[in-house]
2 protein chains.
Amino acid sequence: MKWDTLDEEQCSLSRTIAVVGDRWTLLILRECFLRVRRFEGFQSSLQITRHLLSERLKKLVRSGILRRVPYSEAPKRYEYILTQKGLDLYPIIMAMVHWGDTHMGDERGRPLLHEHKTCGKLFDPVMVCSECGDPLHAKQVHVHAGPGRKEVVG
Amino acid sequence: MKWDTLDEEQCSLSRTIAVVGDRWTLLILRECFLRVRRFEGFQSSLQITRHLLSERLKKLVRSGILRRVPYSEAPKRYEYILTQKGLDLYPIIMAMVHWGDTHMGDERGRPLLHEHKTCGKLFDPVMVCSECGDPLHAKQVHVHAGPGRKEVVG
DNA sequence: AGGCTATAGTTCCAAAATAGAACTGTCAAA
DNA sequence: TTTGACAGTTCTATTTTGGAACTATAGCCT
């Protein structure tokens, strides 16, 4: 597969994978949601090589997920801030964190707890149907071809 | 980073990434949710090299996400079925599909539509708080160190 | 003025992962 | 007996990563 044109695929999952489908990108985004914004911050907390970090940040900026904002004029220095498009990745990250808590946990318990500020409680993320509000399960979902589908599969 | 011990990291996201954090694995899982079960099925719909497909399927079986079930005795043939642990990845996949639909769509419209069998309507997946049921947004969440956390960050 | 430190990268080479194609082995059907 | 379907394995070439060192700008200290 030609990963460089993955974002032109018909499948929405492929298009998402094109931008966030690698290990480092996902970990960088985790740091973004933990309020890390600067090159040295990402580098020291992730132990990613500077070369790859540089690559990934550029790609995230090109994809419109991060904005590169100057925070110092002399010397010129920038920090990386999530755009709305980037903030909208939150459910993906939370879904992954929750699956890890549920299925990959160890005896120590979960490393982070999440508090929902609007209700004040510790919570788990739950994915529900936008129409009826019930929790979603794979077996209750039927897939139809949509308007953007070239040929029918599945 | 040593990717082979990523599943021993303290971070739940890292542990999830250890098993589903690469492009092909995610695409294979998409096919699983579209009811593909066999080697040739995955190979022909994804155009993945047979070598990598073989590797990834083995890893998914080792991780307990797929089960390798015989469907023919002579010759011995197997198919790959999602376990409950695998089925629980559904929110991750759906979150990614939904983000792709929202932010990476093109003029043709979305390729697939999802019907919730229990309510009969076409829906979008929404991530909500398990406690109050409100939709989750990154800025409304506060992170605490949990019992499995060695040191405090973030 | 000279040297140290902080920040944000870039460059270079070795090691690992992936792509692409061909090959293996088992069995059924023609 | 030949062909085809299925489920892989093996091989080499290319691409991506990892790891370490290097560059560049500017503030601060003496």
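Mentor: A residue counts as near a DNA strand if one of its heavy atoms lies within 4 Å of that strand. Keep in mind that this is a predicted model.

Trainee: Which residues around DNA strand D come nearest?

Mentor: There are 22 residues around DNA strand D, and the nearest are A:Trp24, B:Arg50, B:Ser54, B:Tyr71 and B:Tyr80.

Trainee: What share of the atoms of DNA strand D within 4 Å of the protein belongs to sugar or phosphate?

Mentor: Sugar or phosphate accounts for 65% of those atoms, and bases make up the rest. Some individual atom pairs fill in the picture. A:Trp24 places a polar side-chain atom 2.8 Å from a phosphate oxygen of DNA strand D. B:Ser54 does likewise at 2.7 Å, again to a phosphate oxygen of DNA strand D. For the bases, take B:Arg77: an N or O atom in its side chain is 2.9 Å from a base oxygen of DNA strand D.

Trainee: Which elements give two or more residues to the surface near DNA strand D?

Mentor: From chain B they are helix 3 (39-46), helix 4, strand 1 (66-72) and strand 2 (77-82), and chain A adds its helix 4. Helix 4 of chain B supplies the largest share, 4 residues. By class, the surface near DNA strand D has 10 nonpolar, 3 polar and 9 charged residues.

Trainee: Now DNA strand C. Which of the residues around DNA strand C come nearest?

Mentor: Out of 22 residues around DNA strand C, the nearest are A:Ser54, A:Tyr71, A:Arg77, A:Tyr80 and B:Arg56. Of the atoms of DNA strand C within 4 Å of the protein, 64% are in sugar or phosphate, with bases giving the rest.

Trainee: What lies 2.7 Å from a polar side-chain atom of A:Ser54?

Mentor: A phosphate oxygen of DNA strand C. B:Arg56 also has a phosphate partner: an N or O atom of its side chain is 2.8 Å from a phosphate oxygen of DNA strand C. With A:Arg77 the partner is a base oxygen of DNA strand C, 2.7 Å from an N or O atom in the side chain. The elements that give two or more residues to the surface near DNA strand C are helix 3 (39-46), helix 4 (50-62), strand 1 (66-72) and strand 2 (77-82) of chain A, along with helix 4 (50-62) of chain B. Helix 4 of chain A gives the most, with 4 residues. The residues of this surface divide into 10 nonpolar, 3 polar and 9 charged.

Trainee: How should I read the pairing of strand 1 of chain A and strand 2 of chain A?

Mentor: Strands of a sheet pair through backbone hydrogen bonds, in either a parallel or an antiparallel sense. Here strand 1 and strand 2 of chain A are antiparallel, with 6 bridges between them. One position in this pairing has A:Val69 opposite A:Glu79 of strand 2 of chain A. The two strands are joined by a hairpin through 4 residues.

Trainee: Next, the contact of the two protein chains. What is the area buried between chain B and chain A?

Mentor: Interface size is often quoted as the accessible area lost when the parts come together. Between chain B and chain A that area is about 8600 Å², with carbon and sulfur atoms giving 66% of the total. Each chain brings residues to the contact: 91 from chain B and 91 from chain A.

Trainee: How many salt bridges does the rule find across the interface of chain B and chain A?

Mentor: It finds 2. A:Arg15 and B:Asp106 form a salt bridge, with their closest N and O atoms 3.3 Å apart. The rule also finds 40 residue pairs in polar contact across the interface of chain B and chain A. Several elements of chain B give two or more residues to the side that touches chain A, including helix 1 (12-20), helix 2 (23-33) and helix 6 (90-103). Helix 6 of chain B gives the most, with 12 residues. By class, this side of chain B has 46 nonpolar, 21 polar and 24 charged residues.

Trainee: Which strand of chain B is joined by bridges to strand 3 of chain A?

Mentor: Strand 6 of chain B, which runs antiparallel to strand 3 (residues 112-116) of chain A and is joined to it by 5 bridges. A:Leu112 stands opposite B:Ala145, and A:Leu113 has B:His144 as its bridge partner. The open sheet has 3 strands in the order 4(A)-3(A)-6(B), paired antiparallel. Strand 4 (121-122) of chain A and strand 6 of chain B stand at the edges with a single partner strand each, so one side of each has no neighbour in the sheet.

Definitions and conventions:
Residues are numbered from 1 along each chain as its sequence is written. Chains are lettered from A and ligands numbered from 1 in the order in which they are written. This is a predicted model: local features need pLDDT of at least 70, side-chain atom pairs count only at pLDDT 80 or more; totals for chains, interfaces and linings use all residues. Side-chain values use heavy atoms; hydrogens and water are left out. Contact means heavy atoms within 4.5 Å. Buried area is the accessible area (1.4 Å probe) that two parts lose on being put together, summed over both. A salt bridge is a side-chain nitrogen of Lys or Arg within 4 Å of a carboxyl oxygen of Asp or Glu. A polar contact is a pair of N or O atoms within 3.5 Å; within protein, one must be able to donate a hydrogen and the other to accept it, and residues adjacent in sequence count only if both atoms are side-chain atoms. Ala, Val, Leu, Ile, Met, Phe, Trp, Tyr, Cys and Pro count as nonpolar, Asp, Glu, Lys and Arg as charged, and the others, Gly among them, as polar. Two strands pair if DSSP finds at least two bridges between them.
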